[in-house]
Structures are given as structure tokens and as C-alpha cells.
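Here are some notes to read alongside the model, one point at a time. Keep the structure open and find each residue as it comes up.

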Amino acid sequence: MCYRMKSLAPLLALALSMCASYAQANIVITGTRVIYPEAEREVTVRVDNVGTTPELVQTWLDEGNPKTLPSESKAPFTIVPPLFRLDPKKGQSLRLIYTQSPLPQDKESVFWLNVLEVPPRDKATSSEDLNKLQLAYRTRVKVFFRPKALTGRADDAPAQMTWRFVSKSDGGYALEATNPTPYNVTFSGLAATVAGARFANDKGGMVSPGGKEVFDMSNLRTMPASFTVDYTFINDYGVGVKGVFDPQQKK
């Protein structure tokens, strides 16, 4: 996810009140998620400047609040380098190092890696140039901390989940997912087939370990007697993998 804002405040304040944009971000992160196995001393993440100008880049992790400033972060990781210049068509490896602060050992924990880029300010040649907006862009990707004690495979978790329909306050019905596994499961989209009709949710979402999540199914107004769920989950490599849930096969 990318953000932009006026670069009129100090760099640390750029994390606040940003609006979404993908148009001109030059700093690109390799991959859409980071897996951090507990046994690793550190994990590296590659960023590249695909633009034509040098960029000042700031990096930090947060615990899920996108408004968290770098100085406010309590995520148990050190990231090196936290601030650097990246020339055009060049790359930089970020080193994520777990500080060994206690984290749950029976399930994954999720954090967010922030990469904020600030383009150089153009030299003003007129009063009109002085009034131009400088835009900064921020990219956030999930970081999954995976304890070494976990059993099974993350890619097997979606098939172990169960689904059912629950009533909504407006009188309709939504699809509830229950995740009995120790892994976070992220869906990029899903659809339920009810009596030959298809009800889709293209927004998707993440279901936490041992948790439940409700997905809206548009205008479904009657409780289904039977149904199947087609879903696409995102694996460790950021690739969408399709699966099917049939309650009849779970019995």
C-alpha cells in the first residue's frame, strides 16, 4: 500500500495523514510480504530505486497502526539502515534483526515494514515553483514472525479453516471464517456458491491465528441450506493459491 503527502513537515512526521497513491512511487520493495523465521539471525529485504532521481529513504516497523512514527515504534526489530540515500537505478538491502524481546511461541505475530521515500526538492526558479507540492510516498508490507516451535506448514492452514454463514445487523448474511491454526491466513478474494448463485467478496482480508473474521457477501438475504466457498489465499511468496471449502466434505 502506498501513500503520499506534502513534504512540508519534518521527515518523522511524514508518516501521518497520507493519502493513497501508486502513480509516481520510485522505491520498490522486492516481494509483498516478509517471513521472519525465529531461527534466523536476520532477514534481508531488497529495495530498488526505479526512478530517475535520488531519493531519501526512511525505514521502520510498526505493530499495525499506520500512524506510528519511527520514534514511537515498539516492534521488537532493529532495521539497518534506518535512513539512507538511494541513487536512481540502484538498490539497497535492508537488514531486519529480531531483538529477542518475548513474542508468542504458539502462533505467528505480524508487524508492518514501512519504507518512506522523499524525493529531492527542485530548485525554485519562480514564485510558482515555490508553491509546488513536494510528494512523499510510503509503502507498507506485512512482516510475519514465525516461531520455530510451530508445527505444520503455513500453506496448509487455509484448508484447515472452517466457514459458516452468520446473520448481519441489516438482516442479510455474511460468511465467517474460523482459523484453528497458528498461522495468519490472508485471502485476496473469495466467493460462495449458493443454490447455483455466486456471491463474491473481492476485498479479502486476513484471519489471525485462532481467530475469526467475517466477510460481507453483498446482497445475500437468506440463510443458505448448503454452499461451497472458493477462495484465493496468498502464500509465503506472495502468490495467489486457489482452494475450495465444501462443508459436506468436512463432516
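**Notes on strands, cover and salt bridges**

1. Let's start with one pair of residues: valine 57 has glutamate 117 of strand 10 as its bridge partner. Strands here are DSSP runs of E with at least two residues, while helices are runs of H or I with at least four residues, and both are numbered from the N terminus. Two strands count as paired if DSSP finds at least two bridges between them.

2. Before going further, please keep in mind that this is a predicted model, in which local features need pLDDT of at least 70 and side-chain atom pairs count only at pLDDT 80 or more, while totals for chains, interfaces and linings use all residues. Residues are numbered from 1 along each chain as its sequence is written, and side-chain values use heavy atoms, with hydrogens and water left out.

3. Which strands does strand 6 pair with? Strand 10 (residues 109-118) is one partner, joined to strand 6 in the antiparallel sense over seven bridges. Strand 8 (residues 83-86) also runs antiparallel to strand 6, with four bridges between them. Within that second pairing, glutamate 55 has leucine 86 as its bridge partner. As background, strands of a sheet pair through backbone hydrogen bonds, either parallel or antiparallel.

4. Is strand 6 mostly covered or mostly open? Seven of the eight residues in strand 6 (residues 55-62) are buried, so it is mostly covered. Buried means under 20% relative accessible area, exposed means over 50%, and partly exposed lies in between (1.4 Å probe, protein chains only). For the chain of 251 residues, the buried share is 44%.

5. Now look at another group of strands. Four strands form an open, antiparallel sheet in the order 3-5-9-7. Strand 3 (27-29) and strand 7 (77-80) are the edges, since each pairs on one side only. From one strand to the next, the twist averages 25 degrees; the axes are lines fitted to C-alpha atoms, and angles run from 0 to 180 degrees between N-to-C directions. Strand 5 (residues 43-49) and strand 9 (residues 91-98) run antiparallel and share six bridges. You can find threonine 44 facing its bridge partner, arginine 95, in strand 9.

6. How many salt bridges does a search of the whole structure find? The count is 12, where a salt bridge is a side-chain nitrogen of Lys or Arg within 4 Å of a carboxyl oxygen of Asp or Glu. In one of them, arginine 85 meets aspartate 87 at 2.7 Å, N to O. Arginine 85 is exposed because its relative accessibility is 58%, whereas aspartate 87, at 33%, counts as partly exposed.

7. Another salt bridge links arginine 153 and aspartate 155 at 3.9 Å, N to O. Arginine 153 is partly exposed, with a relative accessible area of 48%, and aspartate 155 is partly exposed at 27%.

8. Next, try lysine 168 and aspartate 170, whose side chains form a salt bridge of 3.7 Å, N to O. Lysine 168 has a relative accessible area of 23% and is partly exposed; aspartate 170 is partly exposed too, at 46%. Shared partners connect Lys168, Asp170, Asp216 and Arg221 into one network of salt bridges.

9. Finally, step back to the chain. Its secondary structure comes to three helices and 19 strands. Among contacts (heavy atoms within 4.5 Å) between residues at least 6 apart in sequence, 66% join residues at least 24 apart.
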